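Visitor: I am new to this structure and would like a close look at a single part of it. Could you pick one spot and walk me through what surrounds it?

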Amino acid sequence: ALVVAALAVPIGYAALRVRGASFVIVSIALVLVMLLVFQSWASFTGGSRGLTVPRPFPDLLRPEHHRVFWFLFAGLLALALLVWWLIDRSRFGLGLKAIREDEDKAESLGIPTFAYKLVVFVVSAGFTAAAGGLYALWFGDLDPVFQFSILTGSYLVLMALLGGVRTLFGPLLGAVVVGTALEYFKVEYGSTPLHLVATGLLLALVVLFMPDGVLPAVAAGIARFRPAQQSIR
């Protein structure tokens with residue numbers, strides 16, 4: 001996590017110079033470049049064969065091994081939610097919200113927008129790397145083609161969009177729904193590309209009809225049926 005956070009500084013310094021669709025294109029290009037690098041660097045990553053990671057608890061049976069990592073992942077999730085909550089209620093978080101709404105206006109008000117984005121980019125990279133490190137220790141086998149797949153990034157985006165990026169538990173809800181659905185489709189229809197079709201359709205529906213996520217959409221629907229509050233004026 002520390003190494004990736006350090007690498008995220010120069011990467012973010014270059015990538016965050018662009019916005020919107022350009023940033024998405026730069027991110028996809030970075031993933032493809034990393035895929036080619038790690039496929040070619042066979043002495044370090046195993047190339048196309050992948051990398052075998054030693055088990056940290058070799059004496060544990062598979063059920064106990066999974067149980068230990070369940071608690072490790074739950075602890076990392078709790079830490080990430082705590083950091084998100086603290087940032088959301090800080091002056092730094094207020095600046096990030098201003099950047100989200102209108103970056104140019106936020107910059108005109110004196111907010112160091114580039115520095116704020118770089119800091120949150122590095123924090124995000126550190127947590128992503130910690131999760132990836134735990135995954136490597138738990139799964140024990142890393143395949144560059146799978147780890148640097150564009151689909152993995154699209155799943156993460158779908159999880160965040162589905163739950164709602166403006167709420168604390170929105171992305172968590174999206175992760176539960178998307179993760180469960182993916183496992184179901186892979187078990188039932190793993191020999192067909194149906195799970196890819198379902199993912200694409202769900203992403204399109206969310207972007208078209210619930211751009212703010214499920215939780216904000218549900219809250220807006222409930223508010224629509226509430227009696228209108230009348231002012232004494």
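Guide: Happy to! One term first: two residues are in contact when heavy atoms of theirs lie within 4.5 Å. Please also keep in mind that this is a predicted model.

Our spot is Lys117, which is part of helix 7, a helix covering residues 113–139. Is Lys117 buried or exposed? Its relative accessibility is 15%, and buried means under 20%, so Lys117 counts as buried.

Who are its partners? If we skip the neighbours within four places in sequence, Lys117 is in contact with Leu16, Arg19, Ile99 and Glu103. Two of these names, Ile99 and Glu103, will lead us onward.

Take Ile99 to begin with. Ile99 belongs to helix 5, and together with Phe92, Gly95 and Leu96 it meets a set of residues in helix 7: Thr113, Tyr116, Lys117, Val119 and Val120. Sorted by character, the residues of this contact divide into 6 nonpolar, 2 polar and 1 charged. How do the two helices lie with respect to each other? The axes of helix 5, which spans residues 91–101, and helix 7 come within 10 Å and cross at roughly 110°. Angles from 65 to 115 degrees count as roughly perpendicular, so that is how helix 5 and helix 7 are described.

Now for Glu103. This residue lies in helix 6, made up of residues 103–108. With a relative accessibility of 13%, Glu103 counts as buried. Not counting residues up to four places away in sequence, Glu103 touches Arg19, Ala98, Thr113 and Lys117. Arg19 therefore turns up in both lists, as a partner of Lys117 and as a partner of Glu103.

Let us follow helix 7 a little further. In an unreviewed UniProt entry, residues 21–42, 68–87, 114–138 and 197–223 are listed as "transmembrane region". In the model, residues 114–138 are 100% helix and 0% strand, with their end C-alpha atoms 36 Å apart. Residues 68–87 are likewise 100% helix and 0% strand, and there the end C-alpha atoms lie 29 Å apart.

Helix 4, residues 62–88, has its own link to helix 7. The buried residues of helix 4 are His65, Phe69 and Leu76, and helix 7 is part of what covers them. Does the length of helix 4 agree or disagree with what its residue count suggests? At 1.5 Å a residue, its 27 residues should span 39 Å, and the end C-alpha atoms are 38 Å apart, which agrees.

Beyond the end of helix 7 we come to Asp141, in strand 2, which consists of residues 141–142. Asp141 has a relative accessibility of 34% and so counts as partly exposed. Leaving out residues up to four places away in sequence, Asp141 touches Leu51, Thr52, Ala136 and Gln147. Asp141 and Glu103 are 38 residues apart along the chain, and their C-alpha atoms are separated by 41 Å.

Finally, let us step back to the whole protein. It has 12 helices and 2 strands. Its C-alpha trace spans about 75 × 40 × 35 Å along the principal axes. Of its 233 residues, 21% count as buried, with Lys117 and Glu103 among the buried ones. As for contacts with a separation of 6 or more, 65% join residues 24 or more positions apart.

Methods:
Residues are numbered from 1 along each chain as its sequence is written. This is a predicted model: local features need pLDDT of at least 70, side-chain atom pairs count only at pLDDT 80 or more; totals for chains, interfaces and linings use all residues. Side-chain values use heavy atoms; hydrogens and water are left out. Helices (H or I, at least four residues) and strands (E, at least two) are DSSP runs, numbered from the N terminus. Buried means under 20% relative accessible area, exposed over 50%, partly exposed in between (1.4 Å probe, protein chains only). Axes are lines fitted to C-alpha atoms, for helices over the stretch in contact, and angles run from 0 to 180 degrees between N-to-C directions. Angles under 35 degrees count as roughly parallel, over 145 as roughly antiparallel, 65 to 115 as roughly perpendicular and the rest as oblique. Ala, Val, Leu, Ile, Met, Phe, Trp, Tyr, Cys and Pro count as nonpolar, Asp, Glu, Lys and Arg as charged, and the others, Gly among them, as polar. UniProt positions are given in the numbering used here, feature names are shortened, and annotations may be inferred rather than shown by experiment. The expected span of a helix is 1.5 Å times one less than its number of residues.
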